[in-house]
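Work through the exercises below with the sequence and the model open. Try each task before reading its solution.

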Amino acid sequence: MNSLKNNVRLVGRIGTDFNIRTFESGKKLVSVPLATNETYYNNDGEKITTSQWHTICLWNNRAEKAQKMLSKGSLIILDGKLINRSYEKDGSKKYITEIHVHDFFCLDSKS
């Protein structure tokens, strides 16, 4: 364990339809919510499913690949890294955590 990395692997479903944003620099970005689910049984034996929402970001070639392969509800597995950033809005500082995707694989096809 001499070199630990910032690495995230998730399996989840895309939460919304999306479009590529192209910046003046020519860089392309897709930013979309991803839902991951966890199921467990409580003390009464009831099945409980909880969802966690993550913002994933795909840049340039990955953004183009995502637009061709993915849509709302697509099931994917991804590898990426956590990015924390902040910005100011209406005079207050806001914080956001995103997952910048290195690679992804669609587990079902775009309909």
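The exercises go from the whole chain to single residues and side-chain pairs.

This is a predicted model, in which local features need pLDDT of at least 70, side-chain atom pairs count only at pLDDT 80 or more, and totals for chains, interfaces and linings use all residues. Residues are numbered from 1 along each chain as its sequence is written, and side-chain values use heavy atoms, with hydrogens and water left out.

**Exercise 1. The chain as a whole**

Task: State how many helices and strands the chain has, and give their pattern along the sequence.

Solution:
- Step 1. Take helices (H or I, at least four residues) and strands (E, at least two) as DSSP runs, numbered from the N terminus.
- Step 2. Count them: one helix and six strands.
- Step 3. Read along the sequence: β-β-β-β-α-β-β.
- Step 4. Add the burial. Buried means under 20% relative accessible area, exposed over 50%, partly exposed in between (1.4 Å probe, protein chains only). Of the 111 residues, 26% are buried.
- Step 5. Add the contacts (heavy atoms within 4.5 Å). Among contacts with a separation of 6 or more, 58% join residues 24 or more positions apart.

**Exercise 2. A glycine in a loop**

Task: Place Gly 15, and decide whether Gly 15 is buried or exposed.

Solution:
- Step 1. Find the loop: Gly 15 sits between strand S1 (8–14) and strand S2 (21–22).
- Step 2. Check the accessibility. Gly 15 has 16%, so Gly 15 counts as buried.
- Step 3. List the residues touched. Leaving out those up to four places away in sequence, Gly 15 touches Pro 33, Trp 53 and Lys 72.

**Exercise 3. Positive phi**

Task: Describe the phi, place and exposure of Asn 60 and Asp 90.

Solution:
- Step 1. Recall the background: most residues other than glycine have a negative phi.
- Step 2. Read the angles. Phi is near 50° at Asn 60 and near 55° at Asp 90.
- Step 3. Place both. Asn 60 is in the loop between strand S4 (47–59) and helix H1 (61–69). Asp 90 is in the loop between strand S5 (75–89) and S6.
- Step 4. Compare exposure. Asn 60 is partly exposed at 31%, whereas Asp 90 is exposed at 77%.

**Exercise 4. Salt bridges**

Task: Say how many salt bridges the structure has, and trace three pairs: Asp 108 with Arg 13, Lys 28 with Glu 64, and Glu 98 with Arg 85.

Solution:
- Step 1. Apply the cut-off: a side-chain nitrogen of Lys or Arg within 4 Å of a carboxyl oxygen of Asp or Glu. The search finds four salt bridges.
- Step 2. Asp 108 meets Arg 13 at 3.5 Å, N to O. Asp 108 lies in the segment after S6 and Arg 13 in strand S1, so the pair ties together parts 95 residues apart in sequence.
- Step 3. Lys 28 meets Glu 64 at 2.5 Å, N to O. This pair links strand S3 (residues 28–41) to helix H1, 36 residues apart.
- Step 4. In the bridge between Glu 98 and Arg 85, the closest N and O atoms are 2.9 Å apart. Glu 98 lies in strand S6 and Arg 85 in strand S5, so the pair ties together parts 13 residues apart in sequence.
- Step 5. Check burial in this last pair. Glu 98 is buried at 6%, whereas Arg 85 is partly exposed at 39%.
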